[in-house]
Amino acid sequence: MCLGIPGQVVEIPDGYHGQIAVVDVEGARRQVNIGLLEDDPARPGDWVIIHMGLAVEKTDAEGAARALSGLKLLGRGEVP
């Protein structure tokens, strides 16, 4: 099982062949590799699940909220 962190794509900067996105994760912006999503490319406004700096899947706002809720439970030592 891997843990993924949800984030929302803010921009796709020029110069990285469309492989890098700036993603907002709980108010912190970071660069994330979106190359694994080439069959369904991420665009600004999309939600993604991030694992080790890679966007591994797209989700929606509800899925992102569920993922974040589960992570918060795990942080308190609870099992979702």
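Biologist: Let's start at the turn: what do β4 and β5 form, and which residue there has a positive phi?

Modeller: β4 and β5 form a hairpin with two residues between them, and Met-52 in the turn has a positive phi of about 55 degrees. Bear in mind that this is a predicted model, in which local features need pLDDT of at least 70, side-chain atom pairs count only at pLDDT 80 or more, and totals for chains, interfaces and linings use all residues. Residues are numbered from 1 along each chain as its sequence is written, while side-chain values use heavy atoms and leave out hydrogens and water.

Biologist: How do you know that strand β4 and strand β5 pair, and how many bridges join them?

Modeller: Two strands pair if DSSP finds at least two bridges between them. Strand β4 (residues 47-51) and strand β5 (residues 54-59) are joined by five bridges and run antiparallel, so they meet that condition. Within this pair, Ile-50 stands opposite Ala-55 in β5.

Biologist: What makes β1 a partner of β4?

Modeller: Four bridges link strand β1 (residues 5-11) to β4, again antiparallel. Here Pro-6 is opposite Ile-49 in β4.

Biologist: And what does the protein chain come to in helices and strands?

Modeller: One helix and five strands, following the pattern β-β-β-β-β-α along the sequence. Helices (H or I, at least four residues) and strands (E, at least two) are DSSP runs numbered from the N terminus.

Biologist: Why is the protein chain called as compact as a globular protein of its length?

Modeller: Its radius of gyration is 13 Å, close to the 12 Å from the globule rule for 80 residues, so the description fits. The radius is taken over C-alpha atoms, and the rule is 2.2 Å times the number of residues to the power 0.38. The C-alpha trace spans about 40 × 25 × 20 Å along its principal axes.

Biologist: Let's look at strand β5, where Thr-59 is found. Why is Thr-59 called partly exposed?

Modeller: Buried means under 20% relative accessible area and exposed over 50%, with partly exposed in between (1.4 Å probe, protein chains only). Thr-59 has 26% relative accessibility, so it counts as partly exposed. Across the whole protein chain, 29% of the 80 residues count as buried.

Biologist: Val-56 is in β5 too; what makes Val-56 count as it does?

Modeller: Its relative accessibility is 37%, so Val-56 is partly exposed.

Biologist: Which residues does Val-56 touch?

Modeller: Contact means heavy atoms within 4.5 Å. Not counting residues up to four places away in sequence, Val-56 touches Leu-36, Leu-37, Ile-49 and His-51.

Biologist: And which residues is Thr-59 in contact with?

Modeller: Leaving aside neighbours within four places in sequence, Thr-59 contacts Trp-47, Val-48, Ile-49 and Ala-64. The C-alpha atoms of Thr-59 and Val-48 are 5.5 Å apart, with the two residues 11 apart along the chain.
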